[in-house]
Amino acid sequence: AFDVLVVGGGPAGAAAAIYAARKGIRTGVAAERFGGQVLDTLGIENFISVKETEGPKLAAALEQHVKEYDVDIMNLQRATALVPAAAPGGLIEVKLENGASLRSKSVIISTGARWRSMNVPGEAEYRTKGVAYCPHCDGPLFKGKRVAVIGGGNSGVEAAIDLAGIVAHVTLIEFDSKLRADAVLQTKLRSLPNVTILMSAQTTEVHGDGQKVNGLSYKDRVSGELRRVDLEGIFVQIGLLPNSDWLKGTVELSPRGEVIVDSHGQTSVPGVFAAGDVTTVPYKQIIIAMGEGAKASLGAFDHLIRSSVA
Ligand code: FAD
């Protein structure tokens, strides 16, 4: 059995594994895809102290750093269930899709999240070529250009306000007949001179020249008419889905499906900690996920030295 079993191999999981291994305790990482969302990222310019890097490069560096330590890396392993310890201080079980199961005195959940996509023609083709999901990450790439934000919830309206300060023009596109964002955000948004708000508008296609995005089409849901907007960038803000389905019924989740953690990364299940995009901790970023992973790992170590099995 492990002392610390990390489930998920993104920035949070890599940091958790290194912090655990440096305590000299038996550490394992089971991940469906080591590297996580970083593998799907092109340029990264906000990982502090590294001026500029690329996702696959950072993912390789994460793996290399973890491999410096005695960590049992189990890549291409998908967890399907977590079984809490039968008695306080007992072993926690993590079941894998391949039928095997792993046992550990403590578990760190770091299975991350995924952006909900629009599923319209052109979206996948122009991903990282104008179609973006993270305004904090990619906003500055569209300085002086025209962009659309898809989604009128809090994250969409926040993104539109944020981008309006950087880009030339923002078109906010909401499917519903009203915005769902908090009133204070809506007021702020409507006060901005370079923002157009389109409601009852369903995005139907992303257009491009083969290299880059150059527009989108939407259907006016009132008139049924199809219209086109010329632009250079599209920020999709219709939800971030935590990868927590496998925890339903065992670990306490928020209404959005995020794992609820306290200030030490502890979840509702004794000995089970969590970090990164899968948790309730706000602002989903690499640097935050890494810090949270380190914190959860120290939390798990603290738990081990206080419980009878350690
Ligand atoms: P993830 O990176 O999502 O890793 C989750 C890990 O868990 C993966 O290894 C996954 O395979 C694994 N996993 C999932 N489910 C299971 C399961 N059931 N069993 C086993 N393993 C499982 N942030 C920045 O700071 N700067 C940027 O420039 C930036 N750009 C981005 C661009 C894109 C296109 C995207 C998608 C995200 C970007 N982000 C950026 C956000 C950043 O990538 C995330 O905040 C960060 O990766 C979260 O780390 P994590 O370890 O919590 O989760």
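1. Let's start with Arg26. Is this residue buried or exposed? The answer lies in between: Arg26 has 16 C-beta neighbours inside 10 Å, so it counts as partly exposed. To be called buried, a residue needs 20 or more such neighbours, while 12 or fewer would make it exposed. Please keep in mind as you read on that this is a predicted model.

2. Where does Arg26 sit along the chain? Look in the loop between H1 and S2. If you set aside the neighbours within four places in sequence, Arg26 is in contact with Phe2 and Asp3. Now try finding Leu231: 205 residues separate Arg26 from Leu231 along the chain, and their C-alpha atoms are 52 Å apart.

3. Now step back to the whole chain. You can count 6 helices and 19 strands in it. The C-alpha trace spans about 65 × 35 × 35 Å along its principal axes. For 310 residues, a compact globule would have a radius of gyration near 19 Å, and the 21 Å of this chain agrees with that.

4. How much of the chain is buried? Of its 310 residues, 43% count as buried. The contacts are worth a look too: taking those between residues at least 6 apart in sequence, 62% join residues at least 24 apart.

5. Here is a sheet you can trace by eye. Three strands form an open sheet in the order S14-S15-S16, with antiparallel pairing. Strand S14 (201-208) and strand S16 (226-230) are at the edges; each has a single partner strand, so one side of each has no neighbour in the sheet. On average, neighbouring strands here are turned by 25° against each other, direction ignored.

6. A general reminder may help at this point: strands of a sheet pair through backbone hydrogen bonds, in either a parallel or an antiparallel way. In this model, strand S15 (residues 213-220) pairs with S16 in the antiparallel sense over 5 bridges. To see the two strands facing one another, find Gly215, which stands opposite Asp230 in S16.

7. Finally, the ligand. How many residues surround it? There are 38, and the closest are Gly8, Gly10, Gly36, Gly112 and Gly276. By class, this shell holds 18 nonpolar, 14 polar and 6 charged residues. Helix H1 (11-21), strand S2 (27-31), strand S9 (113-115) and helix H6 (286-306) each contribute at least two residues to the shell. You have met H1 and S2 already, as the elements on either side of the loop that holds Arg26.

Definitions and conventions: Residues are numbered from 1 along each chain as its sequence is written. This is a predicted model: local features need pLDDT of at least 70, side-chain atom pairs count only at pLDDT 80 or more; totals for chains, interfaces and linings use all residues. A residue is near a molecule or strand if its C-beta atom, placed from the backbone, lies within 6 Å of it. Helices (H or I, at least four residues) and strands (E, at least two) are DSSP runs, numbered from the N terminus. Ala, Val, Leu, Ile, Met, Phe, Trp, Tyr, Cys and Pro count as nonpolar, Asp, Glu, Lys and Arg as charged, and the others, Gly among them, as polar. The radius of gyration is taken over C-alpha atoms; the globule rule is 2.2 Å times the number of residues to the power 0.38. Two residues are in contact if their C-beta atoms, placed from the backbone, lie within 7 Å. Two strands pair if DSSP finds at least two bridges between them. Axes are lines fitted to C-alpha atoms, for helices over the stretch in contact, and angles run from 0 to 180 degrees between N-to-C directions.
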